[in-house]
Each structure stands twice: as C-alpha cells, then as structure tokens.
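Let's take a stroll through this structure together. Have the sequence and the 3D view open, and we'll stop at a few places along the way.

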Amino acid sequence: MKQFGAILLLVIVMAQTFSKCWLLVSFVVNQRTIAATLCENRNKPQSSCHGKCYLRKQMAAQDRQESTPLNGGKEKFEVLLFNEVANTVNIEPFTVSATPFPSHTASILLQETAAIFHPPRA
C-alpha cells in the first residue's frame with residue numbers, strides 16, 4: 001500500500017512538472033484529429049496551421065493557470081507580532097523614556113555555579 005501511494009504521488013508530481021511536455025506529446029499524437037475538428041483555420045486549406053493555433057491556445061491557457069496564485073488572487077496582509085520599540089515616545093503633554101535592564105556578567109554567574117556543583121565520583 002505504501003508503494004502504491006509513493007508511486008501515485010510521484011506520478012502526480014511528474015504530471016504537474018511536465019505538463020507542457022504532456023500537452024505537446026498529446027498534440028503530436030492527435031494532430032490530424034485536432035487539425036480536422038478543433039483548428040480555427042480548418043476551413044482554409046491554403047493555411048499551413050495544421051492545428052498549431054489550437055496548441056498555442058492550450059499553451060497560453062496552461063501558462064495562465066500556472067501563473068495564477070493559489071489563493072485566488074487575494075492579497076496577503078502581513079502582521080508583525082514583534083517590533084522594535086523606540087526608547088523615547090514623545091506625545092504632546094507626556095514624554096515617556098524607557099531604561100534598559102542592567103546586564104549580568106557571565107563571569108559572576110560561572111563563579112557562583114562552580115562553587116555549588118560537585119560532580120559524582122565513580
């Protein structure tokens with residue numbers, strides 16, 4: 001069952017990746033039928049289209065489908081959850097100043113923990 005699922009996923013990815021190649025192969029295989037039934041210029045025997053107009057339309061439709069975003073063209077709004085805050089905020093009647101927290105030095109912390117910790121003896 002796992003192999004079937006893996007093969008199915010591989011086929012889906014390959015079909016999407018090589019969609020233009022599949023379209024071209026399908027056109028070459030069915031070119032006579034397309035030229036006789038689906039071509040715009042099928043009533044003009046002097047034209048040398050032979051269904052290439054149909055292929056052009058299909059390729060353009062494929063390009064449009066690939067270029068459209070997955071969300072249907074809806075705009076994305078970015079929400080900033082964290083933002084740098086200015087140290088000073090000036091509002092007409094009030095002035096607020098932010099003072100940073102004092103920083104601890106690593107050497108003091110290492111000395112205190114070294115005095116407490118004793119590794120077990122074997």
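What follows is a short tour of three spots. Keep in mind that this is a predicted model.

Let's begin with helix α1, which covers residues 2–17 and includes Leu9. Is Leu9 buried or exposed? Its relative accessible area is 56%, and anything over 50% counts as exposed, so Leu9 is exposed. Leu9 also has company on the surface: together with Met1, Phe4, Leu8 and Ile12, Leu9 makes up a nonpolar patch. Taken together, these five residues offer about 610 Å² of accessible area.

Next, hop over to helix α2, residues 19–29, where you'll find Ser19. Here the picture is one of burial: Ser19 has a relative accessible area of just 15%, and the cut-off for buried is under 20%, so Ser19 is buried. Which residues does Ser19 touch, once its neighbours within four places in sequence are set aside? Those contacts are Gln62 and Glu66. With Gln62 there is also a polar contact, in which the two side chains are joined at 2.9 Å.

Our last stop is the loop that runs between α3 (31–37) and α4 (52–67), which is home to His50. Take a look at the backbone here: phi of His50 is near 55 degrees, a positive value in a residue that isn't glycine. As for its surroundings, His50 has a relative accessible area of 48%. That value falls between the 20% and 50% cut-offs, so His50 counts as partly exposed.

Conventions:
Residues are numbered from 1 along each chain as its sequence is written. This is a predicted model: local features need pLDDT of at least 70, side-chain atom pairs count only at pLDDT 80 or more; totals for chains, interfaces and linings use all residues. Side-chain values use heavy atoms; hydrogens and water are left out. Patches are made of residues with over 30% relative accessible area and no salt bridge: like charges are joined within 9 Å, nonpolar side chains (Val, Leu, Ile, Met, Phe, Trp, Tyr) within 5 Å. Accessible areas come from the Shrake-Rupley method with a 1.4 Å probe; for residues, only the protein chains shown count as cover. A salt bridge is a side-chain nitrogen of Lys or Arg within 4 Å of a carboxyl oxygen of Asp or Glu. Helices (H or I, at least four residues) and strands (E, at least two) are DSSP runs, numbered from the N terminus. Buried means under 20% relative accessible area, exposed over 50%, partly exposed in between (1.4 Å probe, protein chains only). A polar contact is a pair of N or O atoms within 3.5 Å; within protein, one must be able to donate a hydrogen and the other to accept it, and residues adjacent in sequence count only if both atoms are side-chain atoms. Contact means heavy atoms within 4.5 Å.
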